[in-house]
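Subject: Structure handover

Hello,

Here is the structure you asked about. Please open it next to this email and follow along.

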Amino acid sequence: MKKSVLLLMSICQSIICFGQISIEECYRLAKENYPLVKRYDLIGQSENYDLKNASKSYLPQFSLSAKATYQTDVTSIPITIPGYDIPVLSKDQYQVLAEVTQVIWDGGTTKASKDALRAQGDADRAQYEVDMYALRERVNNMFFGILLLDEQIRLNALYLENLRVNYERICSYVDNGVANQADLDAVKAEQLSAGQDSVQLKTNREAYVQMLSAFIGKPVQKDEKFIKPEVLHEPVADGTVNRPELTLYDAMQQQMETQRRSINASNMPQLGLFLQGGYGKPGLNMLQDKFKLFAIGGIRFSWNFGNYYTRRNKLRNIDVGIRQIEVQRETFLFNNNLQRIQLAGEYGKYRQIMADDDEIIRMRSNIVKASEAKLENGVLSATDLVRDMISEQNAKVNKAVHEVELMQTIYEIKNLTNN
C-alpha cells in the first residue's frame, strides 16, 4: 500500500512539473553539465597520488653505481724487505656499488611536503568553486531574458487581438460611412508592424532557449514554461558576503604558510641508515690487487647549511605573497560593495517606477476606450486611436519589463553576496 501511494505521488508530481523549468534547476543542471565539473575529481585523484608519493620518502631507497678509473699513480709502501715482494696496486681500478638507505628523521620535510600538497588541493578546489559559481550569472542572463521575452510575446498577442477587434469594428464603420479607407489602413499597418514584432520576439526567444539548452545540457522544448522566481523577501542589505572567492583567498594564504614550513624543514638536519655492498678491484683491502666483494654499513648524519643563505629572503617573499593575497581580498570586497550599492539603487528605482505602472496602464486604457467611442461617433481618426493603443501597449510592456528587471536585480544581489 505504501509503495502504491508513493508511486501515485511521484506520478502526480511528474505531471505537475512536466513542461516547467525553474531557475534553481537551471543552476543545478548548468553545474552538472559544464565541462569543468570533470576537473573536481581530477583534483582529488592528483592530490591522492602526490600524497602517496610523498609518503614513500620513508621507504628504503636503493641505488646502483659502477665506475672504472685509471690513475697516474697509486699508493705504495716505500720500503723493501729481502725475500718478500710487496704488492703494488694497479693503476686501473674497477668498482660496482649497491647502496640501501633508510631515512630515520628528515627534519620534517615529508610532513611539510604533505601539508603543502593538501593546501594545493584545497586551493584548487576553492578555485573550482569560484569558476563554477560564475555560471550563475550566465544562467541569470539567459533565464530572465526568456522570461522577459515571454511577457512581451504574451502582451504582443493581446495587442494583436485588440487590433483585430478594432479592425473589424472599423470595417463596419467604413460600411456605414463613419470611417474611411485611410482609417482602415492605419490599423492594418499597425497589425503588420505588431506581427513583425511577434516574429522577432519569438525568434529571439528560440535563440535564448537554444543557448540555455546547450548550457544546461538538457533539451528545452519551445513550449516549455519558465517559472517566475518567487521573491519572498527583500534582498539582504547587512553587508554579509559569503562568496567562494573568500574561501579561495583563505586557501591561498594557507598554501603560503605551508611553503613557510617547507622552507624551515629544508634547513633541518637529516639522519638515516645506510648499507653498501660492492665488488671491485681493489676491495676494502687496498693491499690486495684483485677483485673482491665488500660491504659497509652505518649511520649517516647530514646537514646542508647552504639553504641558510637564501632562507631569510624566501621567508620575506612568503610574507609578501600573503600581503598580496590580502590585497586581492580587500579589492574583491571593495568592488563587491560598489556593485551592491549600484544594485541597491537599481532595486529602489524599479520599486518606485513599478508603484506607478498600474496607474499608467489604467489611464492609458481609459484613453483608448474614450478614443474608441470617439471613433465610433466619427470625431476621431483611426490614426489617433492607433497612437493611443500603442501608448497603452507600451505601458503594459514597460510594466512587464520592470517586473522582470526587478526580479533579475534581486537575484543579482543574491548572486553578489551568496545569501
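Start with Glu372 and Arg169. Their side chains form a salt bridge, with the closest N and O atoms 3.4 Å apart. Keep in mind that this is a predicted model. The bridge links distant parts of the chain: Glu372 sits in helix α8 and Arg169 in helix α5, 203 residues apart. The two partners differ in cover. Glu372 counts as buried because its relative accessible area is 18%, and the cut-off for buried is under 20%. Arg169 is partly exposed, at 28%.

Why can such a pair form at all? Side chains of opposite charge can pair when their charged atoms come close.

A search of the whole structure finds 27 salt bridges. Here are some others to look up.

- Lys31 and Glu129 meet in a salt bridge, at 3.8 Å from N to O. This pair also links distant parts of the chain: Lys31 is in helix α2 and Glu129 in helix α4, 98 residues apart. Lys31 is partly exposed, with a relative accessible area of 37%. Glu129 is partly exposed too, at 31%.
- Lys218 and Glu224 also meet in a salt bridge, at 4.0 Å from N to O. Lys218 is partly exposed, at 25% relative accessibility. Glu224 is buried, at 8%.
- Lys111, Asp115, Arg118 and Arg261 are joined into one network by salt bridges that share partners.

Now take a charged residue without a bridge. Asp357 lies in helix α8, which covers residues 308-376. Asp357 is buried, yet it has no salt bridge. Which side chain of opposite charge is nearest to Asp357? It is Lys399, and it is 7.1 Å away. That is no salt bridge, because a salt bridge needs the nitrogen within 4 Å of the carboxyl oxygen. Leaving out residues up to four places away in sequence, Asp357 touches Asn398, Lys399 and His402. So Lys399 does touch Asp357, since contact means heavy atoms within 4.5 Å, but the pair is not a salt bridge.

Next, the inside. The largest nonpolar core has 25 residues. Ile216 and Phe226 have the most contacts inside this core. Which elements give two or more residues to it? They are α2 (23-33), α4 (109-133), α5 (135-176), α6 (181-216) and α9 (382-417). The largest share comes from α5, with seven residues. Another core lies apart from this one. That core has 14 residues, among them Tyr159, Ile170, Val187 and Met389.

Click on Phe226 and look around. Not counting residues up to four places away in sequence, Phe226 touches Ile21, Phe143, Ile146, Leu147, Asp150, Arg205, Val209, Leu212 and Val220. Asp150 and Arg205 are on that list. They are charged residues, as Asp counts as negative and Arg as positive.

Tyr128 is another residue to find. Tyr128 lies in helix α4. Is Tyr128 buried or exposed? Tyr128 is buried, because its relative accessibility is 4%. Leaving aside neighbours within four places in sequence, Tyr128 is in contact with Leu36, Val37, Arg39, Tyr40 and Ile43. Tyr128 and Leu248 are 120 residues apart in sequence, but their C-alpha atoms are 9.2 Å apart in space.

Compare that with Leu59. Leu59 is in the loop between α3 (38-55) and β2 (61-70). Leu59 is partly exposed, with a relative accessible area of 45%. Without neighbours within four places in sequence, Leu59 is in contact with Thr101 and Gln102. Leu59 and Glu326 are 267 residues apart along the chain, and 40 Å separates their C-alpha atoms.

Last, the surface. Which residues make the nonpolar surface patch of about 550 Å²? They are Tyr58, Ile104, Trp105, Met268, Leu273 and Ile299. Look at Met268 in this patch. Met268 is found in the loop between α7 (244-266) and β5 (270-281). Met268 counts as partly exposed because its relative accessibility is 34%. That value fits the patch, because patch residues need over 30%.

Best wishes

Definitions and conventions: Residues are numbered from 1 along each chain as its sequence is written. This is a predicted model: local features need pLDDT of at least 70, side-chain atom pairs count only at pLDDT 80 or more; totals for chains, interfaces and linings use all residues. Side-chain values use heavy atoms; hydrogens and water are left out. Patches are made of residues with over 30% relative accessible area and no salt bridge: like charges are joined within 9 Å, nonpolar side chains (Val, Leu, Ile, Met, Phe, Trp, Tyr) within 5 Å. Accessible areas come from the Shrake-Rupley method with a 1.4 Å probe; for residues, only the protein chains shown count as cover. Helices (H or I, at least four residues) and strands (E, at least two) are DSSP runs, numbered from the N terminus. Buried means under 20% relative accessible area, exposed over 50%, partly exposed in between (1.4 Å probe, protein chains only). A nonpolar core is a set of buried Ala, Val, Leu, Ile, Met, Phe, Trp, Tyr and Cys residues joined through side-chain atoms within 4.5 Å.
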